[in-house]
Structures are given as C-alpha cells and as structure tokens.
Amino acid sequence: MTEKYVLAIDQSTQGTKAILVDHQNQIFWKTSLAHQQIINEKGWVSHDLNEIRTNLTILFKQVLKKVTADQIDSLAITNQRESAAAWSRKTSEPLCKTIVWQDNRAEKLISRISYPELADKVKHTTGLALSPLLYWS
C-alpha cells in the first residue's frame with residue numbers, strides 16, 4: 001500500500017511552511033519560504049498577498065516532487081487568525097495588502113474608546129481582547 005500523508009500548511013507572520021506528516025505522526029518532509037514584512041513609518045504592518053500566493057505555489061510544486069497528489073490524504077491549514085486579507089471574487093486578486101495582527105493603525109481610536117465595559121463586551125463576544133486590529137478601516 002502506498003504511504004499517505006497529511007499536508008500541513010502553516011501561514012505564519014514570517015513565512016509559509018509546508019510539512020508532510022505520515023500516519024504515524026512523523027514528519028516526512030518540510031520546507032519553508034519567508035515573506036517580506038512591510039512596515040511603514042507609522043508602524044503599520046502588512047504583507048503582500050501576491051508574494052504569499054507565489055510562495056504557496058512554489059511550496060506546492062516542491063511537495064509534488066516528494067509525493068504524488070494521490071498520496072496526500074488530507075490538508076491542514078493554520079494561519080495568523082487576527083490578520084485581515086481581502087480578495088476580489090471576480091479577479092482573484094488581492095484588494096489590498098494584508099493588515100497584520102501586529103499593526104497599530106487604530107491605536108489612537110482604541111485609546112479613546114476603551115473603557116472596561118466595552119473591553120469586557122468585546123472579549124465576551126469575540127474571544128479576543130480589545131485591539132487596534134479589530135477597528136481598522
């Protein structure tokens with residue numbers, strides 16, 4: 001019987017990782033590609049979605065040099081969760097750069113509106129602490 005693998009993709013703040021894990025939970029193979037951290041003079045942190053997409057394509061091609069598509073039993077994805085990205089449904093192109101979870105562009109707004117009751121409500125509703133990222137525009 002041909003060995004089957006879980007392909008794990010970890011899209012992190014620093015880069016993209018591809019990991020093939022066998023059914024004994026052993027890492028068969030792994031690799032990664034870094035992506036640029038775009039930080040402007042205001043401290044806004046972004047990523048170029050086209051760069052991330054290109055890195056994913058490169059990694060998928062590398063995976064398929066190690067195993068066949070039929071050997072990939074399942075796919076696991078982990079990502080930055082609090083980062084925000086938007087893609088055009090019509091063109092499949094990014095609408096803007098990713099706004100990374102470390103971004104501070106709404107810091108002044110949060111300091112103006114932050115009070116304990118609101119912080120508690122946001123935490124209860126979203127599971128996340130009141131954060132500048134929750135209010136970017």
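How many aromatic pairs does the rule for rings count here?

**Ground rules.** This is a predicted model: local features need pLDDT of at least 70, side-chain atom pairs count only at pLDDT 80 or more, and totals for chains, interfaces and linings use all residues. Residues are numbered from 1 along each chain as its sequence is written, and side-chain values use heavy atoms, with hydrogens and water left out.

**Exercise 1. Find the aromatic pairing and place it in the chain.**

Step 1. Apply the rule. Rings of Phe, Tyr and Trp (its six-membered ring) pair if their centres lie within 6.5 Å; planes under 30 degrees apart are stacked, over 60 edge-to-face, and the rest tilted. The count is 1 aromatic pair.

Step 2. Name the partners. They are Y5 and F28, with centres 4.7 Å apart and planes at 35 degrees, a tilted pair.

Step 3. Locate them. Helices (H or I, at least four residues) and strands (E, at least two) are DSSP runs, numbered from the N terminus. Y5 sits in strand β1 (residues 5-11) and F28 in strand β3 (residues 27-34). The pair links distant parts of the chain, 23 residues apart.

Step 4. Check accessibility. Buried means under 20% relative accessible area, exposed over 50%, partly exposed in between (1.4 Å probe, protein chains only). Y5 is buried at 6%. F28 is partly exposed at 42%.

**Exercise 2. List the salt bridges and give the setting of each.**

Step 1. State the idea. Side chains of opposite charge can pair when their charged atoms come close. The criterion is a side-chain nitrogen of Lys or Arg within 4 Å of a carboxyl oxygen of Asp or Glu. The structure holds 3 salt bridges.

Step 2. Take K17 and D10. Their N to O distance is 3.4 Å. K17 is partly exposed, at 28%. D10 is also partly exposed, at 22%.

Step 3. Take E93 and R53. Their side chains meet at 3.2 Å, N to O. E93 lies in the loop between β6 (72-78) and β7 (98-99), and R53 in helix α1 (residues 49-66), so this pair ties together parts 40 residues apart in sequence. E93 is partly exposed at 36%. R53 is partly exposed at 28%.

Step 4. Take R105 and D103. The closest N and O atoms are 2.8 Å apart. R105 is partly exposed, with 25%. D103 is buried, with 5%.

**Exercise 3. Work out the strand order of the open sheet and place α1 against it.**

Step 1. Recall the bonding. Strands of a sheet pair through backbone hydrogen bonds, either parallel or antiparallel. Here two strands pair if DSSP finds at least two bridges between them.

Step 2. Read the order. 4 strands form an open sheet, β3-β2-β1-β6, with mixed pairing. β3 and β6 are the edge strands, each pairing on one side only. The twist averages 15 degrees from one strand to the next.

Step 3. Inspect one junction. β2 and β3 run antiparallel and are joined by 7 bridges. G15 has A34 of β3 as its bridge partner.

Step 4. Add the helix. α1 lies across β1, β2, β3 and β6, and runs at about 155 degrees to β3. Axes are lines fitted to C-alpha atoms, for helices over the stretch in contact, and angles run from 0 to 180 degrees between N-to-C directions.

**Exercise 4. Identify the largest nonpolar core and its suppliers.**

Step 1. Set the criterion. A nonpolar core is a set of buried Ala, Val, Leu, Ile, Met, Phe, Trp, Tyr and Cys residues joined through side-chain atoms within 4.5 Å.

Step 2. List the members. The largest such core has 9 residues: Y5, L7, I9, A18, L20, W29, L59, V63 and V67.

Step 3. Assign the suppliers. β1, β2 and α1 each supply at least two residues. β1 gives the most, with 3 residues.

Step 4. Follow one member. Contact means heavy atoms within 4.5 Å. Leaving aside neighbours within four places in sequence, I9 is in contact with T16, K17, A18, L56, F60, L75, A76, I77 and T78.

**Exercise 5. Describe the backbone setting of N25 and S92.**

Step 1. Take N25. Its phi is near 60 degrees, a positive value in a residue other than glycine. N25 is in the loop between β2 (15-22) and β3. N25 is exposed, at 64%.

Step 2. Take S92. Its phi is near 65 degrees, again positive in a residue other than glycine. S92 is in the loop between β6 and β7. S92 is partly exposed, at 42%.
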